[in-house]
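Welcome to a short set of worked exercises. Have your viewer ready and try each task before reading its solution.

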Amino acid sequence: MTDITCYDLELEGFEQELSSPNTAKTRYALNFKKIPYNTEWVTFSNIEDILKPITKSESRPTVPIIVDKRNGKVIQDSWEIAKYLEESFPENSLFNGEQGIHKFFHNYVEGHIMVPIFKMCILQIYERSGDYKDKFRQTREAMVGTSLEVIAGKPEDHVDDLKKAFAPIHDILKNYSFVSGSQAGWADIVLASWFTLPSKYRPDIFESHVLNIMGDDIFANWWKRTEFFRQQQ
């Protein structure tokens, strides 16, 4: 019996399969630290019914969430979960004593890489949203004031933004095995989590528009090196 339960999101066609970059961060961190865990799956439609009694909050809950049965703690948000896991399970450190640097990179990815990758995949996510499709469209279009189709555009529309965002990371990976240096860490988990989105939803362009976008195999080789924490439990 395991002490940690991880709540994850499943979409149509990916039942009980990892497909969310946000929950990937937590699952990859658990794998990285070799912490056994159970998974409870939720959907866009039932997430409130299942998670509100757990979070005990009136606001709409989001995943990832973990529950630690040892002390009853409920932790929400991938960064907060990472800090909790590092404190509670210090073996196989995510931060290697440099939490601030990893937080900086976390914010960099969320600010520069998340958006173009999400745009590449948004229509495919929408199509797999089940009976939440109308709500998915309504909420996302309200956020940006335009249609999902305009947000998505063509994959080529987002290549320049990705190249600019990838450039400093590409320079690091020319000289180090991982973004974190000689050993993998939270920075690698965050980047791999966002690579997971197109690898799952856009396998048709994942190699050309992500792994090989810089004209070499630097990112492809790094992606292979991260397999040890990307295996789904």
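The exercises below go from the whole chain to single residues.

A word on the source: this is a predicted model, in which local features need pLDDT of at least 70 and side-chain atom pairs count only at pLDDT 80 or more, while totals for chains, interfaces and linings use all residues. Residues are numbered from 1 along each chain as its sequence is written, and side-chain values use heavy atoms, with hydrogens and water left out.

**Exercise 1. Describe the overall build of the chain.**

Step 1. Start with secondary structure, using DSSP runs numbered from the N terminus (helices are H or I with at least four residues, strands are E with at least two). The chain has 12 helices and 4 strands.

Step 2. Compare the radius of gyration with the globule rule (taken over C-alpha atoms; the rule is 2.2 Å times the number of residues to the power 0.38). The chain has 18 Å and the rule gives 17 Å for 233 residues, so the chain is as compact as a globular protein of that length.

Step 3. Add the box: along the principal axes, the C-alpha atoms fill roughly 50 × 45 × 30 Å.

Step 4. Look at contacts (heavy atoms within 4.5 Å). Among those with a separation of 6 or more, 66% join residues 24 or more positions apart.

**Exercise 2. Locate the annotated domain.**

Step 1. An unreviewed UniProt entry places "domain: GST N-terminal" at residues 10–93; positions follow the numbering used here, feature names are shortened, and annotations may be inferred rather than shown by experiment.

Step 2. Now check the geometry of residues 10–93: the span is 38% helix and 17% strand, and its end C-alpha atoms lie 28 Å apart.

**Exercise 3. Inspect the backbone for less common geometry.**

Step 1. Recall the background: most residues other than glycine have a negative phi, and most peptide bonds are trans.

Step 2. Find the cis bond. The peptide bond from valine 63 to proline 64 is cis, with omega near 15°, and proline 64 sits in the loop between helix 2 (47–55) and strand 3 (65–68).

Step 3. Find positive phi values. Aspartate 77 has phi near 90° and belongs to the loop between strand 4 (73–76) and helix 3. Asparagine 92 has phi of about 55° and lies in the loop between helix 3 and helix 4 (99–112).

Step 4. Classify their exposure by relative accessible area (buried is under 20%, exposed over 50%, partly exposed in between; 1.4 Å probe, protein chains only). Aspartate 77, at 39%, is partly exposed, and asparagine 92, at 37%, is partly exposed too.

**Exercise 4. Work out the surroundings of tyrosine 84 and tryptophan 223.**

Step 1. Place tyrosine 84: it is in helix 3 (residues 78–88), and its 10% relative accessibility is why it counts as buried.

Step 2. List its contacts. Setting aside residues up to four places away in sequence, tyrosine 84 touches Ile66, Asp68, Arg70, Asn71, Lys73 and Ile75.

Step 3. Place tryptophan 223: it lies in helix 11 (residues 218–225) and counts as buried at 10% relative accessibility.

Step 4. List its contacts. Without neighbours within four places in sequence, the partners of tryptophan 223 include Ala192, Phe195, Phe206, Leu211 and Arg230.

Step 5. Finish with a distance: tryptophan 223 and leucine 18 are 205 residues apart in sequence, with 17 Å between their C-alpha atoms.
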